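Let's take a look at how this chain is put together, starting with one charged pair and working outwards. Here is the model.

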Amino acid sequence: MRLRRLAGAIAVGTTILSGGLPALPAAATDLPATLYVDHNNQDCTDAGPGSDSLTPLCTVAAATALAQPGQTVLIGGDTPYREQLAITRSGKPGLPITFAGVGGEAYFGGIEAQGLDQPAVTLTGVHDVVVRDLYASASGEPFLVKDSNQVTLEHNSAIQRGGDGPLAGIRLTGSTTGAVVRRNSVGATRGPGIQLDAGVSGTTVTTNGLRANHGGVIASGAPGTVVTSNTIAGGCAPEVSLGDGSAGATVENNVLAHTTGGLPWGSCAADQVPADLSVTAGAASGTKADYNAVHSTNPYNWAGTAYADATALLAGTGQGGHDLNADLKMDGNGVLQPGSPAIDSADPNAPGELATDRIGVPAVDDPVAPNGASTRDRGDSERQGIVTGGLGYGSTPVGAAPLTVEITAQVSELWPGGTLSYSYDFGDGTPALVTTSQQVSHVYQATGVFVPVVTASDNFGSKYRVLADSPVKVSPPGPPHATLSYQDDTAYTAPLSYDFDTSRSGGPWRITKRVIDFGDGTPAHECPANPTGNYGATCVHTYAKPGVYQAKLTVTDSTGATASSTVAVTAAYRPGLLTTDHPQRVLDTRNGTGAPAGRLGPGQELTLNLSGPSNTPYNPPITDRNATAAVLNLTAVNPDAGSYLTVYPSGQERPTTSNSNFVPGQTVAHLVTVPIGADGTVKIYNRYGTVNVVADLVAFYTPQHVDSSTAETLAGFTALPPTRILDTRNGTGTGHAAPAGPQGQVCVPVPASAATARSLVLNLTATGSDQGGYLTNNAPGQTPWSTSLLNFKPQETVANQVILPVTNGQACVANFVGHTHVVADLTGFYGTAGDHFKPVPPARLLDTRAGSPIGQDATRVLPVAGRAGVPADATGAVLDLTAVDASFGGYLTAYPTGASRPGTSSVNFTAKQVVPNHLTTGLGTDGSISLYNRFGTTDTVADVFGYFTNTAK
């Protein structure tokens, strides 16, 4: 059970949230007293009046548009509001508009501004407005008041996160007058805790806790400022600074203590520590300072003169006659400890002095401390005999009326001889129950959302006010309701993983069980057995393969009643960008790299771990568990029979496609793009005979937002018209005609059309070689000659698509042995901008063997978009193109339909061969590609593995 102390005020003459609602003057009786906001309530709606806690508004923006003088906007919810609270409506004298968080500092919810350097809560040009009990977080000022009069910021919590400038936690600016800033907590700001700009006047800053900020209360050109009973511990800036134009101020009862470490910006050197209390000559007139507790090596600077202690300050200025310069005995949170001279020594008549401290505790005479000037302690906190507390439930606080709830108070008494009594306010308008019992029962007869509060008191006068961690929700009798939704897994657990949210399920009784059948044949799952947030209401599930599944949620309430909800889940790979480092060998069955050593037999398959668990003999080369697809250069080595290899994601059906075709004795490489299975592995299947298999990881695709450490290497695809940029037979790209020699390198400048490229997509061809060998790229950081791009025999013409990194404005290939000519056709590139790749299950789009082959000098149009999971708006595709049983040696050329046929080749073959090649290409405006056959006739097979899209969704 989580317990929390109530951060709310108990004071005479102030409006207090005590689980019920503040009373309104008679003039406002025609309006609802309260507008409720709770975006975590499944029944919330911005279309409603917001006058019912069971059907509240969903956004604070909707409430600000409705609020009228005399109304309270009550903001609740278990999670922060990712929006700005911009207040532009005014109240009236005696009828303020009040914005309040449920339970104090809105720990049931808060305001978290999302824009860079944007404030969280703003009051602009308003009057008679109260902002109370809110938590505000922003990279700008958490609270900003501009050109406003008679506004109060009370018992709020301000945190600054990120941002660039020295911004304040609470800033008053413009012509703001008569503001009251009291009982607030401000921490971890890069500027002062509270800042009063020139033009602000008559501000009362009292009983605030300002810790770990870059300065405390800073006023410049702000006359009539009252700074009373604040505890300020910061560093590298004054705790209280009154600049020129801030005359007529009062500074009393404050605890001022520098801290040189533990600050959000780091530590400051001792010689950087300014005076705790700094008053310029232009602010000294009519300014009074007394009863402050100041303990540092540089306590005062008054009108340009430094004073080493209170005695010197009094002698020089007449100020600080009752100041303390002793050890204040504070803990790390600024709380006074036993023996502190700041206990029972404040001026009870100081301007702005409140009857209670920052958390609503009244002044109490400490029985173990010597009697001082009063019973009031200096600073924002009053030392009490009751030091800890909580309020919990012994029975469920959710159900139908009438609902009996058991409430337990848990408090601790510090002072010896103290006896405790408890006042329970159940929040439903019934009279408070005063008792000495720590546990009571209460029957809630009315429907609504209520916050019970208990005030513990001892015989010394100490009071401690606490509330439960969650409200009591009483509904009309009825059955439960189930609501199920899903989204991409925010933890990026694996491809095809999703977060299932059951939190909007509810009913008059507490939901005791949430069971989801994910619709894929796996066992039903009870949340929160695998929770990721929202108190166990969210479960993660990973599907083994893409598809549409009917997920069913069944909820059970505390009475045993059930309800169900079904949602259709479209499981699909997320679009990703390409990540390249340098090729690495991830599989070699000749020596046991990545799989057991040994040839792959007929009808056998092996499992290659790419991004799966690392507790296997073969650690994954891809550390990103959410990688969606891998690009492999797959090599069949010395097969003893004609066969083919098929690569596919583990956990999915083996497709009827092939990725590498070969004849006996041939060593041949083919580029493969394969979706990664949900477990991070892929399968490699061999159809006939035996063969050794080698695979080099060239690159992988990953959603853009997954791994910030690789963000700079992520690249999108841009398709280009196929263009020949290298041909060593005639000097294209190199300027001279000569083959690549032994361990020689051939480089080609990156054309202007691919100026932003990180990698080029090339159809690379070796031809006219005098020895068998291979081409590689020997990328920087790669072990030389450790991977291959394509393998060839003497006088063989072999093509393979490659992704070639760009270094210093050029792309290079290296030849291992002998001499060979090299031809490269550019089809696109990966760069800083470009399209995302989305895998689909491998599927066959074309097989002319079931119809007629492509004839000589003929073109066949192949529709791609709108088929096999490729949408109509796809910009490109990744395919395998295979020439089968050609009547004559030749080549196929693939290009976007509608474009001019280029003078390039995509697949090169001799008669009667089966020759595949990888194809990464743009699509024509109609979503198709054109296939041109130069000589003879050839059957053609085309398989698709994914597509490109210009969106990351």
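Arg376 and Glu353 are both buried (under 20% relative accessible area with a 1.4 Å probe, protein chains only; over 50% is exposed, and in between is partly exposed). They form a salt bridge, with the closest N and O atoms 2.5 Å apart; the term covers a side-chain nitrogen of Lys or Arg within 4 Å of a carboxyl oxygen of Asp or Glu. Both partners sit in the loop between helix H2 (310-317) and strand S30 (386-393), 23 residues apart.

Before going further: this is a predicted model, where local features need pLDDT of at least 70 and side-chain atom pairs count only at pLDDT 80 or more, while totals for chains, interfaces and linings use all residues. Residues are numbered from 1 along each chain as its sequence is written, and side-chain values use heavy atoms, leaving out hydrogens and water.

By the salt-bridge rule, the count comes to 21. Here are a few of them, including the one above:

| Pair | N to O distance |
|---|---|
| Arg376 and Glu353 | 2.5 Å |
| Glu141 and Arg171 | 3.0 Å |
| Arg844 and Asp847 | 4.0 Å |

Glu141 belongs to the loop between strand S9 (135-138) and strand S10 (143-146), and Arg171 to strand S13 (residues 170-173), so their bridge ties together parts that are 30 residues apart in sequence. Glu141 is buried at 6% relative accessibility, whereas Arg171 is partly exposed at 24%.

As for the remaining pair in the table, Arg844 is partly exposed at 29%, and so is Asp847 at 25%. These two also belong to a salt-bridge network with Arg849 and Asp943.

Now for the nonpolar side. The largest nonpolar core (buried Ala, Val, Leu, Ile, Met, Phe, Trp, Tyr and Cys residues joined through side-chain atoms within 4.5 Å) has 60 residues, and Leu85, Val121, Leu123, Val131, Phe143 and Leu277 touch the most other members. Helix H1 (residues 60-66) gives the most to this core, with three residues. Leaving aside residues up to four places away in sequence, Leu85 touches residues including Val60, Ile75, Phe99 and Leu134 (heavy atoms within 4.5 Å).

Zooming out, the protein chain has two helices and 71 strands (DSSP runs numbered from the N terminus: H or I of at least four residues, E of at least two). Of its 953 residues, 57% count as buried. The C-alpha trace spans about 110 × 70 × 50 Å along its principal axes. Among contacts between residues at least 6 apart in sequence, 70% join residues at least 24 apart.
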